Amino acid sequence: MIKEMICITCPNGCALQVEEKDGAITVTGNKCPRGVAFATAELTHPMRTICSTVRTIYKEVPVIPVRVTTEIPKQRIFDVMRVLDPIRVDQPLGRGDVLIADVLGLGADVIVTSNVLKEYLADRILKGEGKHEQ
Ligand code: SF4
């Protein structure tokens, strides 16, 4: 049976036709060899990255963006999202700071990708408003 999939490795988004027969994987429609690697990984161990947001305790900056530092197994995405959902950040985390190290033992950290909360809290401290008020 031939499977069709879109290679998401680069913006070309090649439409791949992938056939697995007797343990061999044949790929057509790819403009470069990375399409074969993508299709093979999709059939054997699909991986994805996660970019999301987590909530904070500060109403002026209610959410901050986060991502995982490396791809994780596709079937674990919702497990990671369930870990992120109850989090309420109350620390001055900024870009690159680790929010969760080795999330669920998957070998990927969840890191913050913006300085918006850090800058907001620094500004509050400058104004003498304290950083832990909501
Ligand atoms: S097959 Fe190559 S050119 Fe096509 S989307 Fe994948 S990486 Fe890009």
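**Exercise 1. The ligand shell**

Which residues are around the ligand? Then divide the shell by residue type.

*Solution.* The model is predicted. Step one is to list the shell: Cys7, Thr9, Cys10, Asn12, Gly13, Cys14, Asn30, Lys31, Cys32, Arg34 and Gly35 surround the ligand. Step two is to sort these residues, with Cys counted as nonpolar and Gly as polar. The shell then divides into four nonpolar, five polar and two charged residues. The nonpolar members are therefore the cysteines, and the charged ones are Lys31 and Arg34.

**Exercise 2. The three-stranded sheet**

Determine the strand order of the open sheet of three strands, its edges and its twist.

*Solution.* The order is β1-β2-β3, and the pairing is antiparallel. Pairing on one side only identifies β1 (2–6) and β3 (24–28) as the edge strands. From one strand to the next, the twist averages 25°. To fix the register of β1 against β2 (residues 15–21), begin with their five bridges, formed in the antiparallel sense. One reference point is Ile2, whose bridge partner in β2 is Glu19.

**Exercise 3. The pairings of β5**

With which strands does β5 pair in the parallel and in the antiparallel sense?

*Solution.* Strands of a sheet pair through backbone hydrogen bonds, either parallel or antiparallel. Consider β6 to begin with: β5 (residues 51–56) runs antiparallel to β6, and five bridges join them. Within this pairing, Ser52 has Val66 as its bridge partner. The two strands form a hairpin, with six residues between them. Now consider β8 (residues 88–89): this strand runs parallel to β5 and is joined to it by two bridges. Here the bridge partner of Arg55 is Arg88.

**Exercise 4. The nonpolar cores**

Which residues of the largest nonpolar core touch the most other members? Identify also the elements that supply this core.

*Solution.* The largest core has 22 residues, and those touching the most other members are Val54, Ile64, Val80, Leu84, Val89, Val110 and Leu117. Next, trace the contributing elements: β6 (63–68), α2 (77–84), β10 (110–112) and α3 (116–126) each supply at least two residues of this core. Val80 serves as an example, for it touches Ile50, Ile72, Val103, Leu104 and Leu106 when residues up to four places away in sequence are not counted. Finally, apart from the largest core lies another one of eight residues, including Cys7, Leu16, Val18 and Val27. Of these, Cys7 is also one of the residues around the ligand.

Technical notes
Residues numbered from 1 in each chain as written. Predicted model: local features only at pLDDT ≥ 70, side-chain atom pairs only at ≥ 80, totals over all residues. Heavy atoms only, no water. Near = heavy atom within 4 Å. Core = buried A, V, L, I, M, F, W, Y, C linked by side-chain atoms within 4.5 Å. Buried < 20%, exposed > 50% of the residue type's maximum accessible area, 1.4 Å probe, protein only. Helix = DSSP H or I, 4+ residues; strand = E, 2+ residues; numbered from the N terminus. Contact = heavy atoms within 4.5 Å. Pairing = 2+ DSSP bridges. Axes fitted to C-alpha atoms, helices over the stretch in contact; angles between N-to-C directions.
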